[in-house]
Amino acid sequence: MGLLTFSLNITLDGCVDHQEGVVDDETHAFFTRLMDDSGAMLWGRVTYEMMESAWPVIARGDQEAPPAMREWAAKLEAKPKYVVSTTRTEFPWTNSHHIAGDLREGVQKLKDATPAGVLLGSGTLATELDRLDLIDEYRMLVHPRIAGHGPTLYQGGLPATRRLELLSAAPLRCGAVAVHYRRAR
């Protein structure tokens, strides 16, 4: 069984707005390595649609992009992508698959079928999956910014505090810090 790893950009004040992080070659390389090490991506519908609107055109070369972004786009194109949605059933982007029905059962089956692990990149979905005790690890890129607005991580709340164990913390040149936690047992 593979691990479910939640990874996202986050500001010091908890904002997870994708426009608030530092975007450079080093931050793209961080997420590219995470994706390379995972067997599949997992998103909610909103994140999937945001990604679907941006990355395929870069992967095809229809839009100019720096080399780090182009590398991410090409690898993302090839990676299996799983989407949790109750409102959409068609996912035409290459290698996209729908998880329907019982959330716990669907995600657990995906973890069981993906020994290399699953990389989760949706904040709202993460809240639901954490409520179901399905997230094993957290790999956040904490950016040196205070956004002063939302959306924020876990704004939907959890029933209890989640205790974590720090595995590593590494500063990046841009001032962000890559942190790696696992659930404390």
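These legends go with close-ups of helix H2 and the largest pocket in a predicted model. Local features need pLDDT of at least 70, side-chain atom pairs count only at pLDDT 80 or more, and totals for chains, interfaces and linings use all residues. Numbering runs from 1 along each chain as its sequence is written, and side-chain values use heavy atoms, with hydrogens and water left out.

**View 1. Helix H2, end to end.** H2 covers residues 45–60, 16 in number (helices are DSSP runs of H or I, at least four residues; strands are E runs, at least two). From first C-alpha to last it reaches 22 Å, close to the 22 Å expected at 1.5 Å a residue (1.5 Å times one less than the number of residues). Look for a kink of about 35° at Glu52, shortly before Pro56 (the angle between axes fitted to the seven residues ending there and the seven starting there). Gly61 follows H2, with a positive phi near 85°.

**View 2. The buried side of H2.** Thr47, Tyr48, Met51, Trp55, Pro56 and Ile58 are the buried residues of H2 (under 20% relative accessible area, 1.4 Å probe, protein chains only). Their cover includes helices H1 (25–37) and H3 (67–78), plus strands E2 (40–44), E3 (81–84) and E4 (96–99) (contact: heavy atoms within 4.5 Å).

**View 3. The largest pocket.** Lined by 48 residues, the largest pocket has Leu8, His18, Thr47, Met50 and Gly121 nearest its centre (on a 1 Å grid over the protein atoms alone, a pocket is an open set with protein on both sides within 12 Å along at least five of seven lines; lining residues have an atom within 4 Å of a point). H2 gives the largest share of this lining, eight residues.

Note on methods. Buried means under 20% relative accessible area, exposed over 50%, partly exposed in between (1.4 Å probe, protein chains only). On a 1 Å grid over the protein atoms alone, a cavity is a set of points where a 1.4 Å probe fits but cannot get out, and a pocket is an open set with protein on both sides within 12 Å along at least five of seven lines; lining residues have an atom within 4 Å of a point.
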